[in-house]
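Let's walk through this model together, starting with its domains and then turning to its core.

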Amino acid sequence: MNAPESEMEGMREVLRSAISAGDKTQGVELAQAALAAGASPLAFFQGVVEPVLNEIGEQFARLEIFLPELMRAGMVVEAMQKEVLEPAIVAAGGESSIAGRVVIGTCQGDIHDIGKNMVALMLQVNGFEVKDLGTNVPPRTFIDAAKQENADIIAMSSLLTTSMPYVRDLVELLDGFGLAGQFQVVAGGAAVTRDWAESTGVNGFGEDAVEAVNICRSLLAKQ
Ligand code: B12
């Protein structure tokens with residue numbers, strides 16, 4: 001986002017206060033005002049929303065805040081995504097030709113979906129056909145859906161260390177079913193690091209929604 005750092009910090013402060021009050025309207029109005037002032041929805045998401053969610057995650061880990069605060073953060077940001085950011089990204093349009101087919105979901109045992117939804121939307125506006133399986137998706141369900149949708153890519157999001165092992169399980173299952181190579185597997189989400197992803201045998205990792213699109217594109221270009 002091109003706005004000066006002081007303005008960005010001002011917006012982050014408004015979002016912190018909206019979250020702390022559980023005020024969805026304040027969050028939605030903040031996003032609307034930022035876009036009206038010329039910010040791109042993705043830049044606003046990356047420059048304002050993600051850093052505040054990361055801060056909240058760190059405070060939660062230090063036991064400075066508790067589950068209700070985490071839930072308010074999820075609720076306020078979901079409203080901003082659904083009511084302002086997602087429609088703005090869709091309205092900005094994108095590719096019309098089909099770049100490839102992706103099935104995406106959050107791993108088993110994990111209900112975090114803010115980042116997964118952003119990745120799904122960015123893939124969609126960049127020409128991918130996306131089947132979103134939602135959250136808490138077992139490896140077998142990813143594979144069945146990928147077969148059914150004739151997908152090129154299986155994209156797995158993991159925010160919890162307890163849901164990460166399902167990425168490895170999926171890679172092993174594909175191998176066991178003789179399907180390795182038929183589907184490219186990409187992983188991401190706050191719990192997943194590049195090194196860990198590589199160690200599982202997945203084909204790609206994405207740090208954020210932009211890298212997710214780039215890795216999916218480059219995997220398909222190699223095919
Ligand atoms: C908001 C939040 C919640 C909300 C989620 C609401 C929702 N609709 O998603 C709620 C309240 C439900 C929640 C619940 C819990 N949470 Co929580 N939560 C968070 C928080 C603060 C933000 C998550 C978020 O949306 N981040 C912003 C998004 C944009 O980031 P992201 O998901 O990483 O996505 C980006 C990239 O990673 C990438 N990406 C994402 N997916 C994919 C997929 C692919 C294929 C690719 C390529 C890229 C990619 O692109 C995205 C966009 O840039 C995080 C802290 C954090 N740092 O993430 C904790 C955090 C994830 N939660 C945590 C915990 C512990 C929990 C609970 C267990 C708490 C509890 N005691 O009940 C429960 C778990 C419930 C469950 N079974 O899943 C821990 C996890 C610790 C761990 N290492 O396992 C964290 C890290 C907080 C912490 N520091 O302790 N949480």
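The C-alpha centres of domain 1 and domain 2 lie 25 Å apart. Domain 1 covers residues 5-91 and domain 2 covers residues 100-222, with bounds that come from an automatic or database domain assignment. Keep in mind that this is a predicted model, where local features need pLDDT of at least 70, side-chain atom pairs count only at pLDDT 80 or more, and totals for chains, interfaces and linings use all residues. Residues are numbered from 1 along each chain as its sequence is written.

Now look at where the two domains meet. The contact takes 9 residues from domain 1 and 6 residues from domain 2; two residues are in contact if their C-beta atoms, placed from the backbone, lie within 7 Å. On the domain 1 side, helix 3 and helix 4 (67-91) are the elements that give two or more residues, and helix 4 provides the largest share, 7 residues. Helices here are DSSP runs of H or I with at least four residues, numbered from the N terminus.

Next comes the interior. The largest nonpolar core has 64 residues; such a core is a set of buried Ala, Val, Leu, Ile, Met, Phe, Trp, Tyr and Cys residues joined through C-beta atoms within 7 Å, and buried means that 20 or more other C-beta atoms lie within 10 Å of a residue's own. V102, L123, I154, L170 and V186 have the most contacts inside this core. Helix 3 (residues 41-61) contributes its largest share, 8 residues, and each of the two domains supplies at least three residues.

Finally, zoom in on L123. Leaving aside neighbours within four places in sequence, L123 is in contact with V102, F128, V130, A212, V213 and C216.

Key:
A residue is buried if 20 or more other C-beta atoms lie within 10 Å of its own, exposed if 12 or fewer, and partly exposed in between; C-beta atoms are placed from the backbone.
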